[in-house]
Amino acid sequence: MPETISIEKLRTDIRGRVIGPDDAGYDEARTPFYGGIDRRPAVIVRVANDADVVRVIALARETGLELAVRSGGHSIPGHSVSEGGIVLDLGDMRAIDIDAEGKTAWSETGVTAVEFANVANGHGLALGFGDTGSVGIGGITLGGGVGYLARKHGLTIDDLMAADLVTADGEVRRVDADNGPDLFWAIRGGGGNFGVATRFRYRLHELPTVVGGMLLLPATAETIAGFVAQAEAAPEAFSAIANIMKAPPMPFVPEEAHGKPAIMALVCFAGDAEEGERALAPFRALADPLADMVRAIPYPEIYPPEEEGYRPTATAHNMFVEAIGASEAETILEHVQSSTAMMGVAQLRVLGGALARVPNDATAYAHRDRKIMVNIAALYERAEEADKHMPWLRGFVDAMRQGDDAAYVNFLADEGDERIRAAYPGTTWDRLREIKARYDPTNMFRLNQNIPPATTSTA
Ligand SMILES: Cc1cc2nc3c(=O)[nH]c(=O)nc-3n(C[C@H](O)[C@H](O)[C@H](O)COP(=O)(O)OP(=O)(O)OC[C@H]3O[C@@H](n4cnc5c(N)ncnc54)[C@H](O)[C@@H]3O)c2cc1C
């Protein structure tokens, strides 16, 4: 039977902020990014330093209460908030220390991707995270990090040089390729299963500006297949996240295109402006763009401004495919058009390049050789609508499937053990379970895409 927590006592032990159900700010502090998640933790601790993290882990051990770990709060299944348990929130740990000459940074894990980008940009440097500025560097890094620089520089974890990790036994460990190499391997893709990361050391790249922004094209089978073919042929400095959806009635979209299928592509060329324009030309030639906002911008502007308080509700599926030709493009068009959700979307990311040059077994992100990542999603206004859009989602996924059901862990919802297993193919799974058994044998870090400890450890 879990013990209860004395909030007053905890306050005397913790340097950071302790927020209980009766405190002002509790509702705000327990609310994650995604809508439709309404959990009431027993306490939220906004830790200030490693000692606080050690104390909160001890508290979880002493009480047996479920422990949620939160960095940016963007977990798709809401894993960073617990019903009745403890939330360890790193959001007040936000120091960033850049070594401009050595092109590296130490960053505490409470910062978001755009906050990090802005600080690094002050030195003309950059690091790839994902497509959304408000995502926390904690969750995205531990799962892999697939973003605009993946083809040129690899995943976020390919630039991870070291981490400070507090493990379930309360030890604060600095892990890197030489110290705790097994843990360092596991946290590069294995998510929050192995401890609380308080600090990351990253390698940075000189990249003050990029050519980037939104290119909106009409979607036909030809333009979709053509877009993918061009993205595959493009230089590695170019990457695109292409959303095939009905064009929204936004001011920058011509009225006659509203509600018609469109390719809303967010593109980024990580290099010289002239070369960027050249790389963009074949995409602009696919059709007369409905809107073209691609231009030379400071790197942090790849993150569009976000609406304060926006809490989307969605049903989604992540998958990889080998090819998108004319028939797959037709399938995408048909399903996007038949969606009855507020938005039905297929998001395509052509991979390859630097991320694919790292061997599959070098980190716990083991789908390096996959060609294209596809996220299919229905976004809607009320959480109760979820079931209504499920048949559409299933039908779309089945029609797109090419081979197995491999997945990227950071885009998984609450989809069951088999799908977690799909993120960690072959021996990756066994090795992760073995390392989990060594560092978290009681599965304290279980509110995540959980990797259960191996039952027979060789430790
Ligand atoms: C709008 C949106 C866009 C996205 N775009 C991309 C994208 O382009 N590319 C991509 O790769 N991913 C993307 N993602 C997925 C994103 O990487 C994951 O949702 C990620 O887990 C979010 O990290 P967070 O710190 O914000 O989340 P949180 O909810 O705070 O954390 C998620 C989980 O990560 C673990 N965790 C977080 N911080 C720590 C820590 N410091 N120590 C230990 N464990 C921790 C915990 O298990 C936690 O439950 C996107 C998600 C959203 C919502």
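**The ligand, a four-stranded sheet and two unusual residues**

Let me begin with the ligand, where a polar backbone atom of A197 sits 2.8 Å from one of the ligand's nitrogen atoms. Taken by itself, the ligand would expose 950 Å², and the protein buries 94% of that. Before I go further, I should say that what we are looking at is a predicted model.

Two more backbone contacts involve oxygen atoms of the ligand: for G136, a backbone N or O atom is 2.8 Å from a ligand oxygen, and for H74, a backbone N or O atom is 3.0 Å from a ligand oxygen. Which residues come nearest to the ligand? Of the 34 residues around the ligand, these are S71, G73, S80, G136 and Y408. If we ask about elements instead, then β3, α5, which covers residues 137-143, and β10, which covers 196-203, each give at least two residues to the shell around the ligand, and the largest share, 4 residues, comes from α5.

Since β3 has come up, let me turn to the sheet. Here we have an open sheet of 4 strands, in the order β1-β2-β4-β3, and the pairing is mixed. Its edge strands, each pairing on one side only, are β1, residues 17-19, and β3, residues 67-70, and from one strand to the next the twist averages 20°. Looking at the β1 side in detail, β1 pairs with β2, residues 43-46, in the antiparallel sense over 3 bridges, and V18 has V45 in β2 as its bridge partner. Lying across β2, β3 and β4, the last of these being residues 86-89, is helix α3, residues 50-63, which runs at about 165° to β4.

Finally, I would like to point out two places in the backbone. Most residues other than glycine have a negative phi, and that is the background for what follows. K103, although not a glycine, has a positive phi of about 55°, and K103 is found in the loop between β5, residues 96-99, and β6, residues 104-108. N443, also not a glycine, has a positive phi of about 60° and lies in the segment after α14, residues 427-439.

Is N443 buried or exposed? With a relative accessibility of 13%, N443 counts as buried, because buried means under 20%. K103, on the other hand, has a relative accessible area of 32% and is therefore partly exposed, as that value falls between the 20% and 50% limits.

Terms used. Residues numbered from 1 in each chain as written. Predicted model: local features only at pLDDT ≥ 70, side-chain atom pairs only at ≥ 80, totals over all residues. Heavy atoms only, no water. Pairing = 2+ DSSP bridges. Axes fitted to C-alpha atoms, helices over the stretch in contact; angles between N-to-C directions. Contact = heavy atoms within 4.5 Å. Buried < 20%, exposed > 50% of the residue type's maximum accessible area, 1.4 Å probe, protein only. Near = heavy atom within 4 Å. Polar contact = N/O pair within 3.5 Å; in protein donor to acceptor, adjacent residues only side chain to side chain. Areas by Shrake-Rupley, 256 points an atom, 1.4 Å probe, with all protein chains shown as cover.
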